[in-house]
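Please open the model in your viewer and keep the sequence beside it, so that each selection can be followed in both. The tour goes from stop to stop, and each stop says what to select and what is there.

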Amino acid sequence: MLARHHDPIVAIATAPGRGAVGIVRVSGRGLGPLVQAVCGRSLKPREATYLPFRDAQGQAIDQGLALYFPGPHSYTGEDVLELQAHGGTVVLQLLLARCLEAGAAIDPATGQLCLPGLRVAQPGEFTERAFLNDKIDLAQAEAIADLIDASTEAAARSASRSLSGAFSAEIHGLRDALIHLRMLVEATLDFPEEEIDFLRKADARGQLLNLQQTLASVMQRARQGALLREGIKVVIAGQPNAGKSSLLNALAGAELAIVTPIAGTTRDKVQQTIQIEGVPLHVIDTAGLRDSTDEVERIGIARAWDEIAAADAVLFLHDLSRADAPDYAAADADIARVLVQKLPVAVPVIDVWNKLDCATGQAPTAALDTQRQASPSAVSLGGAPTDAAAHPTVRLSARTGEGLEDLRQVLLAVAGWQAAPEGVYIARARHVQALQAVSAHLELASDQLQAQGPALDLLAEELRLAQNALNAITGEFSSDDLLGVIFSSFCIGK
């Protein structure tokens, strides 16, 4: 621990603003004198007591509930005092100031400071104390922030499972199996003179294969959990008047973007987060893509290309009512070529043919033919043309809603959503990256194990590195820099 980890800390633990109840939380060792100074009496552990919170002159600041949790049986593992008062901003600030004042005052019983070093907590410092005092592991600590920040019910339930230790239990199971395999390899290295093939008799290859299969299952669920937490950025792109703003409004179920027949109405991006089966999608409507002499519109178009370049998926919107117009089809083909240049191969482009209600019986031709060269996959819903080399394709009407459900299912497919929310725990990008590192080290270990005359020292090293990557997930092997990044994203008082 760093020196600051031993300081007693205090903070307002509820959100800023007015509310029925507000909480001031204190954590540290030896809170008895502070409790006596603020509450005017000692408190029974883990029992709510209604009393006045007093200032230095003994006058009541407010009446409320006080709870005292002696360490190590508390959230942080230290002594914890919670003062539950009325949720006014001034009242809570007065209580916070009173705690700081009382901590720096002389305790009449001992002649010493009541709580030397008491200071205002940094963001996430209470949860950081819980981690450092082995009350929770790092994955569980992150799940607390994810539960608070959850934007969908599925994300909240998955974060709750991670907080309860479901994800950590999976990681510990992998680690235990890995430790057992390392033990076999180390035994073979330590006793080369013994003519006992520990690895063959213990079926080390079979153990490693089982470990890799279990890891693959954990990785799949972790990816789904990361998707629930992060969602994907979906950009709607296309020519003016293709119906981009109408599609955003239809997906969001609200009139977010202005819709008019005038080309170039949308000058800047309009963003809304929606959810499909619990998966958050950050949908961005952009300016229509065309050559323009209007300076403001040109800036909007440049920003649209910037958003497209940073997208996780692109909805390339086409107008079915103009699909066979040569100029329109040629412009769509030009946009398709630029998309191929600007987007990484891994970013999916979904061809969405809008205005189905205005163009019954018409089929897209030239633009789709050009785009078929840009992607190796094809999905066809709603009766749209498809080809083995086409983009995923949907026909719909943003005005009537026909085909919208098909688009939602395609978006889930390109996002990679597979598992039911009940079987998923929340995960972060760093967890997925760590698991990928474990997989890479196990693959190299497998190559060594299958080689003729395996280099056991290299095999042992790959297994050690795999275990380190696993330990980084739960915080058993982590740097102070990593902890700083993680806990700085928490709110103050948590």
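A residue counts as buried when its relative accessible area is under 20%, and as exposed when that area is over 50%. With this cut-off in mind, select histidine 431, which has 2% relative accessibility and therefore counts as buried. Please bear in mind throughout that this is a predicted model.

**Around histidine 431**

Histidine 431 belongs to helix H14, which covers residues 429–450. If you show its surroundings and set aside the neighbours within four places in sequence, you will find histidine 431 in contact with Glu142, Phe167 and Ile473.

Move next to one of these partners, phenylalanine 167, which lies in helix H6 (residues 166–190). Is phenylalanine 167 buried or exposed? With a relative accessible area of 1%, phenylalanine 167 is buried. Not counting residues up to four places away in sequence, phenylalanine 167 touches Ala139, Arg161, Ser162, Val218, Tyr425, Ile426, His431 and Ile473. Tyrosine 425 is worth selecting together with phenylalanine 167, for the two are 258 residues apart in sequence but 6.2 Å apart in space, taken from C-alpha to C-alpha.

**Helix H5**

Ser162, one of the residues touched by phenylalanine 167, leads to helix H5 (residues 153–163), where Ala154, Ala155, Ser158, Ala159 and Ser162 are buried. If you turn the view to look down the axis of H5, these buried residues fall within an arc of 130°, so they line one face of the helix. On the other side of H5 you can select Glu153 and Arg157, which are exposed. Just after H5 comes glycine 165, with a positive phi of about 105°.

**The nonpolar cores**

Now select Leu247, Leu281, Leu315 and Leu407, which are the residues with the most contacts inside the largest nonpolar core, a set of 37 residues. Helix H13 (residues 404–415) gives the largest share of this core, namely six residues. A second core, separate from this one, has 34 residues, among them Ala222, Ala427, Ala466 and Ile473. In soluble globular proteins, nonpolar side chains tend to be buried together.

Return to leucine 315 and display its surroundings, again leaving aside neighbours within four places in sequence: leucine 315 is in contact with Val234, Val235, Ile236, Ala237, Leu247, Ile350, Val352, Leu407 and Leu411. Which residue in strand S11 stands opposite leucine 315? The residue in that position is isoleucine 350.

Select the whole of strand S11 (residues 349–354), in which six of the six residues are buried, so that the strand is largely enclosed by the rest of the structure. The burial extends to both faces of S11, with Val349, Asp351 and Trp353 on one side and Ile350, Val352 and Asn354 on the other. Beside it, strand S10 (residues 313–319) pairs with S11 in the parallel sense over six bridges.

**The six-stranded sheet and helix H1**

For the next stop, colour the strands of the open sheet of six strands, whose order is S3-S4-S5-S2-S1-S6 and whose pairing is mixed. Its edge strands are S3 and S6 (119–120), each of which pairs on one side only. Within the sheet, S2 and S5 run antiparallel and are joined by nine bridges. To look at one position along S5, select valine 80, which is the bridge partner of serine 27.

Then select helix H1 (residues 32–39), in which Leu34, Val35, Val38 and Cys39 are buried. These residues cover an arc of only 105° around the axis, which puts them on the same side of H1. They pack against strands S2 (19–28), S3 (49–54), S4 (60–69) and S5 (79–87), and also against helix H2 (89–103). Just after H1, glycine 40 takes a positive phi of about 75°.

**A charge over a ring, and the whole chain**

Select arginine 25 and phenylalanine 126 together: the charged end of arginine 25 sits over the ring of phenylalanine 126, 5.5 Å from the centre of that ring.

Finally, zoom out to the whole chain, whose secondary structure comes to 16 helices and 13 strands. How many of the residues of the chain count as buried? Of the 494 residues, 48% do. Among contacts with a separation of 6 or more, 67% are between residues 24 or more positions apart.

How values were computed:
Residues numbered from 1 in each chain as written. Predicted model: local features only at pLDDT ≥ 70, side-chain atom pairs only at ≥ 80, totals over all residues. Heavy atoms only, no water. Lys NZ or Arg CZ within 6 Å of the ring centre and 35° of its normal. Core = buried A, V, L, I, M, F, W, Y, C linked by side-chain atoms within 4.5 Å. Buried < 20%, exposed > 50% of the residue type's maximum accessible area, 1.4 Å probe, protein only. Helix = DSSP H or I, 4+ residues; strand = E, 2+ residues; numbered from the N terminus. Contact = heavy atoms within 4.5 Å. Arc of directions from axis to C-beta. Pairing = 2+ DSSP bridges.
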